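Thank you all for making the time this morning. I would like to talk through the pockets of one model, and what surrounds the ligand in it.

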Amino acid sequence: MSPAHPLDRLSVAPGGALRGTVRIPGDKSLSHRAVMLASLASGSSRITHFLPGEDCLGTIRCFRAMGVPIEGAGSEWIVHGQGLHGLKEPGEILDVGNSGTTVRLMLGLLAGIDGFATVTGDASIRKRPMGRIVAPLRQMGASIDGREDGTLAPLAVRGRKLSAIHYQSPVASAQIKSAVLLAGLRAEGTTSVTEPLLSRDHTELMLAAMGARIRRDGLTVSVEGGHELSPCDVEVPGDISSAAFWLVAASIAPGSDLLLENVGINPTRTGVLDVLERMGADITRLNAREIAGEQVADLRVRAAKLTGTSIQGEVIPRLVDEIPILALAAACATGTTLVRDAQELRVKESDRLSAIATELGKLGAKIQELPDGLIIEGGTRWHGERCESRGDHRIAMMLGLAALVTPQPVEIEGVRCTETSYPGFWETLTGLRA
Ligand code: S3P
């Protein structure tokens with residue numbers, strides 16, 4: 001592996017307790033959806049507490065390229081929606097950077113555009129499976145082509161008139177479900193998706209808030225095509241996937257006591273709370289409230305002794321992005337933790353099962369990789385070491401927080417990628433240790 005640029009390398013000092021208050025940055029999934037749905041609405045929507053990370057800023061760039069006026073900066077934006085049929089043929093290649101959510105959800109919208117578009121992304125995106133999105137969209141009448149019969153980006157889309165389908169998704173994936181529902185907004189008839197387990201339901205909640213005709217029946221959700229969306233101001237809650245790093249950090253670093261403000265606790269996302277509570281974590285939910293159809297609370301977390309657990313089945317889609325940081329919790333716990341049914345982690349920003357086992361293993365953790373999971377032995381004898389993020393933001397942050405329990409510094413190659421989901425993460429860590 002070639003050495004990283006000096007600015008892309010960090011040495012994280014060992015030990016220390018975390019104390020203070022963290023205002024958790026806006027939810028990544030909701031920030032993407034707010035821009036996309038507001039772009040389709042007939043009128044202007046204000047988005048506040050938007051996540052100004054590289055992934056979500058990339059979504060703004062793509063929708064501007066499709067003729068949507070979007071004004072603002074940082075975490076406050078106004079999107080001037082162009083109506084259900086208002087997206088224009090982009091004059092440039094749409095580059096989503098590292099963002100799987102942008103490319104997959106946007107494909108659902110491009111499938112019905114009046115014109116032609118090409119979509120690509122960084123080296124990680126160009127390796128990630130797109131056939132799972134292209135297959136149902138083709139069933140609806142979409143014309144999409146790309147490398148390996150349209151299963152890999154770059155992808156080229158010629159917009160077509162779409163028809164409604166019922167899609168039985170083989171994977172519990174909010175990205176697949178959302179792409180089909182978004183295509184269904186412009187299809188003739190009622191489009192429905194059934195998934196094997198419930199994945200995050202932000203798309204359907206936000207669509208309903210904007211007046212779309214959405215129905216849920218168990219694991220099936222449907223949308224009636226052809227109805228315009230009303231604009232809607234969105235205050236994005238803090239991202240529980242970002243809060244998860246502090247929930248584990250404060251649990252494992254003796255003497256820690258953190259207040260995490262404004263965290264989204266939509267039940268399709270709270271698997272991490274269920275698992276940490278089962279492991280013995282000391283987490284209190286305070287000030288529970290609802291903002292624009294999404295549940296929010298403040299979370300207080302104090303250091304606690306953790307015990308190993310089993311993480312499998314229906315909880316997996318509810319914590320799919322939290323397995324890297326839960327692996328660190330498991331390595332600090334007493335006893336063994338088993339993770340199963342998590343084969344989706346092999347096709348995230350990196351192969352996360354391999355990255356967790358190898359990179360956390362370099363710091364002393366005893367982790368056995370399974371085809372669909374991990375066996376993690378607790379009671380690790382930690383040591384400082386040099387490790388690699390593999391360009392994956394969640395792996396970089398997890399490795400950085402391992403320094404809270406190592407006796408020597410942890411050197412990480414590839415830390416700039418944290419900008420995709422958590423700008424300011426390292427500064428926040430420094431501030432909480434002071
Ligand atoms: C996301 C869904 C998840 C998650 C990703 C964001 C979304 O992917 O891993 O980080 O915003 O819809 P899958 O739904 O494909 O599992």
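I will take the largest pocket, then the ligand, and then the second largest pocket.

Before anything else, please keep in mind that this is a predicted model.

Let me begin with the largest pocket, whose volume comes to about 530 Å³. Its lining is made up of 34 residues, and those that lie nearest the centre are Ala 172, Ser 173, Val 320, Glu 344 and Lys 348. If we sort that lining by class, we find 16 charged residues, alongside ten polar and eight nonpolar ones. As for where the lining comes from, at least two residues each are supplied by helix H1 (28-40), helix H3 (100-110), helix H6 (174-185) and helix H12 (393-402).

Now, which space does the ligand take? The ligand occupies the largest pocket, the one I have just described.

The residues around the ligand are, going along the sequence, Lys 28, Ser 29, Arg 33, Thr 101, Ser 173, Ala 174, Gln 175, Arg 200, Val 320, Asp 321 and Lys 348. By class, this shell holds five charged, four polar and two nonpolar residues. The helix that gives the most to the shell is H1, with three residues.

Turning to individual contacts, I would point you to three side chains, each of which places a polar atom beside an oxygen atom of the ligand. For Ser 29 the distance to the ligand oxygen is 2.7 Å, and for Lys 348 it is likewise 2.7 Å, while for Ser 173 it is 2.9 Å. Ser 173 and Lys 348 have already come up, since both are among the residues nearest the centre of the largest pocket.

How much of the ligand's accessible area does the protein cover? On its own the ligand has 380 Å² of accessible area, and the protein covers 96% of that. H1 and H6 are the elements from which two or more residues of the shell come, and both helices also appear in the lining of the largest pocket.

Let me finish with the second largest pocket, which contains about 440 Å³ of space. This pocket is lined by 22 residues, with Asn 98, Asp 122, Ala 123, Ser 124 and Glu 349 the closest to its centre. Sorted in the way I used before, the lining of this second pocket comprises eleven charged, seven polar and four nonpolar residues.

Technical notes. Residues numbered from 1 in each chain as written. Predicted model: local features only at pLDDT ≥ 70, side-chain atom pairs only at ≥ 80, totals over all residues. Heavy atoms only, no water. 1 Å grid on protein atoms, 1.4 Å probe; cavity = no way out; pocket = protein on both sides within 12 Å on 5 of 7 lines; lining within 4 Å. Points joined across faces, edges and corners; volume = space filled by probe spheres on them. Helix = DSSP H or I, 4+ residues; strand = E, 2+ residues; numbered from the N terminus. Nonpolar A, V, L, I, M, F, W, Y, C, P; charged D, E, K, R; others polar. Near = heavy atom within 4 Å. Polar contact = N/O pair within 3.5 Å; in protein donor to acceptor, adjacent residues only side chain to side chain. Areas by Shrake-Rupley, 256 points an atom, 1.4 Å probe, with all protein chains shown as cover. Sits in = over half its atoms within 2 Å of the grid points.
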